2 protein chains.
Amino acid sequence: MPGKPPSMLDLARALGVSRATVSNALRGKGRLSPELAGRIRALAAELRYIPAHAGRALRTGRSATIGLIVPDFGQPLFPIFAQAIERAAKSRGVAVLVGDSLGTADGQAAEIDNLVGRGIDALVIIPTRGTLIDAAKIPVPVAVIDSAATRGNTAASNHRDGGRQVAGHLIGLGHRDILLLAGPKDSKVSRERTDGMREVFARAGITPRIRYSVTSFEMGAEIGAEVDLAGLTACAAAYDALAVGFVTGLAARGVRVPQDVSVTGFDDLMWARIVSPPLTTVRQDLAAIADHALAVATGERQGARLFPVELVLRASTARPRPCDRNRTNDNRRGGAS
Amino acid sequence: MPGKPPSMLDLARALGVSRATVSNALRGKGRLSPELAGRIRALAAELRYIPAHAGRALRTGRSATIGLIVPDFGQPLFPIFAQAIERAAKSRGVAVLVGDSLGTADGQAAEIDNLVGRGIDALVIIPTRGTLIDAAKIPVPVAVIDSAATRGNTAASNHRDGGRQVAGHLIGLGHRDILLLAGPKDSKVSRERTDGMREVFARAGITPRIRYSVTSFEMGAEIGAEVDLAGLTACAAAYDALAVGFVTGLAARGVRVPQDVSVTGFDDLMWARIVSPPLTTVRQDLAAIADHALAVATGERQGARLFPVELVLRASTARPRPCDRNRTNDNRRGGAS
DNA sequence: CTGTTAGCGCTTTCAC
DNA sequence: GTGAAAGCGCTAACAG
């Protein structure tokens, strides 16, 4: 670890010019002779001069850093999301400071203050469920990534449409007795997803059984291990983590997917490809969402946008077995094979 | 988004005191009457005063921010690692700026400059394979997380011992014809892991077949789909991603794990629990490594440390089938039983 | 116990 | 084309 790094003043003195001139040369402000600018840049490179960020931030009031607040890094989706945001940020020359709300409203509020105090230029927030972001109280531009139903939302997947696609797929296969793993009751995202499903189910005269829970592999496995399967032919989960756990819980009981029960997830994590059988699920366009959120946060663009999602068909869904159809209590229907 | 946030000068003027007094009050430097300090703090809270970080950083030369450079966020281990680092940092009141080397030496060098320029107090680097970190060239304290064999390493798992444990486990089960999925040839970590394995295999008179490759689920699947299985009873991978892909590739051919082939991984990702069968693998103590790296980076502790790893036994390993032991050459895989 | 002063490194007028 | 000077918000040293 060498001594103090060179400052702009060091460069200026070494060349017998003023700091302003060095500044202009380094930032290509063209207000000086190309020859001198070249010499300055050469020396800067030689001394490995790196502009001190704090000085620039103090002077300009901008730090080329944004904050990102996620609800809980323990959930597998959020690291991926953070990566997408980081990529979008880097393409704009902006760094990202990440804060974790730890799943609580207090944690979220604390992270907002923490990041704002660190001088971020803008904030991207994926809100913790059950909280509302009041952008008017935050002294930097804010982009919110949540759901279309969230007031002040900036960028979101069309979760409701994803739910519709899942439900349409299951109905098309002939399922009528369906378990909905709805995730947490106070999450707007899972609410949108399940509302989309229920809307399509209702149109087909189907009322799914609904089960609310925290979102985790373990919880999915627990439910899969103990749920009453009588009559059930399909399970639609609001999150891959739940679906993957559910499949694992079923497997432990010897229940086969999709022969005995079809299962769908939501998010298209790598998990969905790894579990056996690979999961039919819904893919979000995280890169597009991240890009829009960043564009809004940095003032490039304005307005909320909703992004399409895509149903990914894999091996976890199939037609229900005929015997299952007959097992149901009151809604039987002669089906085509 | 409200107007300009209050500065220390605003507080000072509102109360008719000097900025220094406000500073002292807010940081509990006890140099003023408790009564006045209370009034100052009350006003600060009321106005939602948040100290401007850039000013403090410029003045003190410290930013309470560290940098973390990971080789490639696309690899599933690194988001988890980053999380562990962030946790260790937060417990010290330090924020983390994350940089991604994108797998290249140039990307790594660029990220170092970028983060240093942003005024980090210290740097934690997980080096990209094939690169050497020269801490003497970096103007802040550096902690390196790589392998025991890396010069300048600060914190690492005992990868070699993990390799030994895997090999011992497989030999104990009776395997003698083993495929080693060694990962990239120039990675010190995979080198340590496989060296540990080979050391124990050699002692038992076993020379495994070795296959180098990039580390990815897809590559594992590809190898699993096409590898010659004649005589093979076990596969030890240097990474879970390879092992999980390998299992998936085998499954597509109808080869069963562990009945036909035992498989082991390394890292104990969630993936290892999700794949079927769940993977015998080696768990690193990421939290301990992260904590030590941070302690060294912040000057709390000194010296390199090596952390124990733990073999996690799951369902992907079993004794080889008797018929496999006798099989010498070019047999098709055993028929269904 | 409290206030004054100086200056961290940079960018931005404005004057030469 | 180039330099001088001011000041961003904060804290450390020193003076009262």
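**Exercise 1. Find where chain A has pLDDT under 50, and set that against the chain as a whole.**

Over residues 324-337 of chain A, pLDDT (the predictor's confidence in each residue, from 0 to 100) stays under 50, and the model has 12 contacts beyond four places in sequence for them. Two residues are in contact if their C-beta atoms, placed from the backbone, lie within 7 Å. Where pLDDT is low, the predicted coordinates should not be read in detail. Now take the whole chain: the mean pLDDT of chain A is 91, with 94% of its residues at 70 or more.

A note before going on: this is a predicted model, in which local features need pLDDT of at least 70 and side-chain atom pairs count only at pLDDT 80 or more, while totals for chains, interfaces and linings use all residues. Residues are numbered from 1 along each chain as its sequence is written, and chains are lettered from A and ligands numbered from 1 in the order in which they are written.

**Exercise 2. Work out how chain B is related to chain A.**

Start with the superposition, done by least squares on the C-alpha atoms of residues with pLDDT of at least 70 in both copies. A turn of 180° and a shift of 0.0 Å along the axis lay chain B on chain A with an RMSD of 0.1 Å. That is the relation of a two-fold axis. Next, look at the interface: 100% of the interface residues of chain B are also interface residues in chain A, so the copies meet through the same surface.

**Exercise 3. Describe the surface near DNA strand D.**

Count a residue as near if its C-beta atom, placed from the backbone, lies within 6 Å of the strand. Of the 24 residues around DNA strand D, those that come nearest are Ala20(A), Leu32(A), Met8(B), Ala52(B) and Gly55(B). Helices here are DSSP runs (H or I, at least four residues), numbered from the N terminus. Two or more residues each come from helices H2 (19-26) and H4 (53-60) of chain A and from H1 (8-15), H2 (19-26) and H4 (53-60) of chain B. H4(B) gives the most, with five residues.

**Exercise 4. Repeat this for DNA strand C.**

Here Met8(A), Ala52(A), Gly55(A), Ala20(B) and Leu32(B) come nearest, out of 24 residues around DNA strand C. The element that gives the most to this surface is H4(A), with five residues.

**Exercise 5. List the contacts of Ile85(A).**

Leave aside neighbours within four places in sequence, and Ile85(A) is in contact with Leu68(A), Val96(A), Val124(A), Ala290(A) and Leu294(A).
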